[in-house]
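Colleague: Before I use this model for anything, I'd like to go through the labels on it. Could you show me the structure and let me ask where each one comes from?

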Amino acid sequence: MITEKQKKYLPLKRGIDVILSGAAIVVLSPILGLLALVIKLDSPGPVLFKQKRIGKDKKLFEIYKFRTMRIDAPRDMPTHMLKDPDQFITKTGKFLRKTSLDELPQIFNIFTGKMSVIGPRPALWNQDDLIAERDKYFANDITPGLTGWAQINGRDELEIEVKAKLDGEYYSNFSLVFDIKCFFSTIVSVLKHDGVVEGSTGTRKSDSEVNKHG
């Protein structure tokens, strides 16, 4: 269960989310516009990919990403479950996924309170195994994040059981100091492309973004 100290931190956590996401929307608007244009020119279809995800207390919400796949790609299916994911990923999409820039539109999810900067990555609505495993650690009881403890400890390489346990560790230990640690560790991981295994998961007893699709 969340401690009293963590309960007192939650309003501050939300305030930080609003400030960071709001500032990001303003500062990154030229980049967002440029990426949107490139996506549109690269392949037919919408700029954004919208998908149902599991939010706090297992309430559904619609997550936003830059579209990285063709419009005929199967929806609501983790990339690693596709027979040949490369045939669906666009040229621009490969770059966006490798750099994690496809996640940028989630700053709007954060600004509206559906997500936090730091927290467990939101599971797909139909990832029953991951959702059930997270229930064991109360990880579904907290607002999901753009990045989190599992993301800096494996990302695509994590198995579901390990991912859920790491999400549980975040739930039990989240604090301002821990969130700062996750934030800066994420920057390092993204720059090094740690744990990104396109179209695969569970290669080293660890899983985190098996739901990186779209």
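Modeller: Here is a walk through the labels, from the overall fold down to single residues.

Modeller: One thing up front: this is a predicted model.

Colleague: Fine. How many helices and strands are there in the protein chain, and in what order do they run?

Modeller: There are seven helices and four strands. From the N terminus on, the order is α-α-β-β-α-α-β-α-β-α-α. The chain has 214 residues, and buried ones make up 48% of them. Of the contacts with a separation of 6 or more, 76% are between residues 24 or more positions apart.

Colleague: Let's take H1. How do you know what span is expected for H1?

Modeller: Helix H1 covers residues 4-27, which is 24 residues. The expected span is 1.5 Å times one less than the number of residues, so 34 Å is the value to set against the model. H1 reaches 35 Å from its first C-alpha to its last, close to that expectation.

Colleague: And where does H1 bend?

Modeller: At Leu10, by about 30 degrees. A proline, Pro11, follows within four residues.

Colleague: Which residues of H1 are buried, and what covers them?

Modeller: The buried ones are Gln6, Tyr9, Lys13, Asp17, Ser21, Gly22, Ala24 and Ile25. Their cover includes helix H2 (29-42), helix H4 (106-111), strand S3 (116-118), helix H6 (160-173) and H7. As a reminder, an α-helix has 3.6 residues a turn, so residues three or four places apart point the same way.

Colleague: Next, single residues. Why is Asn109 called buried?

Modeller: Buried means under 20% relative accessible area, and Asn109 has 2%, so Asn109 counts as buried. Asn109 lies in helix H4. Leaving aside neighbours within four places in sequence, Asn109 is in contact with Phe61, Glu62, Ile63, Tyr64, Lys114 and Met115.

Colleague: Why does Asp57 count as partly exposed?

Modeller: The partly exposed class runs between the 20% and 50% cut-offs, and Asp57 is at 40%, so that is the class for Asp57. Asp57 sits in the loop between strand S1 (48-54) and strand S2 (60-66). Its phi is near 60 degrees, a positive value in a residue other than glycine.

Colleague: Ser100 has a positive phi too, I see. Is Ser100 buried or exposed, and why?

Modeller: Ser100 is buried, because its 15% relative accessibility is under the 20% cut-off. The phi of Ser100 is about 65 degrees, although Ser100 is not a glycine. Ser100 lies in the loop between helix H3 (91-99) and H4.

Colleague: What makes Pro85 buried?

Modeller: Pro85 has 10% relative accessibility, and under 20% means buried, so Pro85 gets that label. Pro85 is found in the loop between S2 and H3. Pro74 is eleven residues away along the chain, and the C-alpha atoms of Pro85 and Pro74 are separated by 9.8 Å.

Colleague: And why is Ser185 called partly exposed?

Modeller: Ser185 has a relative accessible area of 25%, which falls between 20% and 50%, so Ser185 is partly exposed. Ser185 belongs to helix H7 (residues 176-192). Ser185 and Ile152 are 33 residues apart in sequence, yet 6.4 Å apart in space, C-alpha to C-alpha.

Colleague: On to the empty space. What is the volume of the largest pocket, and which residues are closest to its centre?

Modeller: The largest pocket has a volume of about 710 Å³. It is lined by 25 residues, and the closest to its centre are Leu104, Leu146, Thr186, Ile187 and Val190. H7 gives the largest share of that lining, six residues. H1, H4, strand S4 (145-147) and H7 each supply at least two. By class, the lining has 15 nonpolar, seven polar and three charged residues.

Colleague: How many cavities of 30 Å³ or more are there?

Modeller: Two. The largest cavity has a volume of about 60 Å³. Among the residues lining the largest cavity are Ile54, Gly55, Arg121, Arg134 and Asn140.

Colleague: What makes that lining six nonpolar, two polar and two charged?

Modeller: Arg counts as charged, so Arg121 and Arg134 go in the charged class. Gly counts as polar, so Gly55 joins Asn140 in the polar class. Ile and Pro are among the nonpolar types, so Ile54 and Pro120 are two examples from the nonpolar class.

Conventions: Residues are numbered from 1 along each chain as its sequence is written. This is a predicted model: local features need pLDDT of at least 70, side-chain atom pairs count only at pLDDT 80 or more; totals for chains, interfaces and linings use all residues. Side-chain values use heavy atoms; hydrogens and water are left out. Buried means under 20% relative accessible area, exposed over 50%, partly exposed in between (1.4 Å probe, protein chains only). On a 1 Å grid over the protein atoms alone, a cavity is a set of points where a 1.4 Å probe fits but cannot get out, and a pocket is an open set with protein on both sides within 12 Å along at least five of seven lines; lining residues have an atom within 4 Å of a point. Grid points are joined across faces, edges and corners, and a volume is the space filled by probe spheres set on the points. The bend at a residue is the angle between axes fitted to the seven residues ending there and the seven starting there. Contact means heavy atoms within 4.5 Å.
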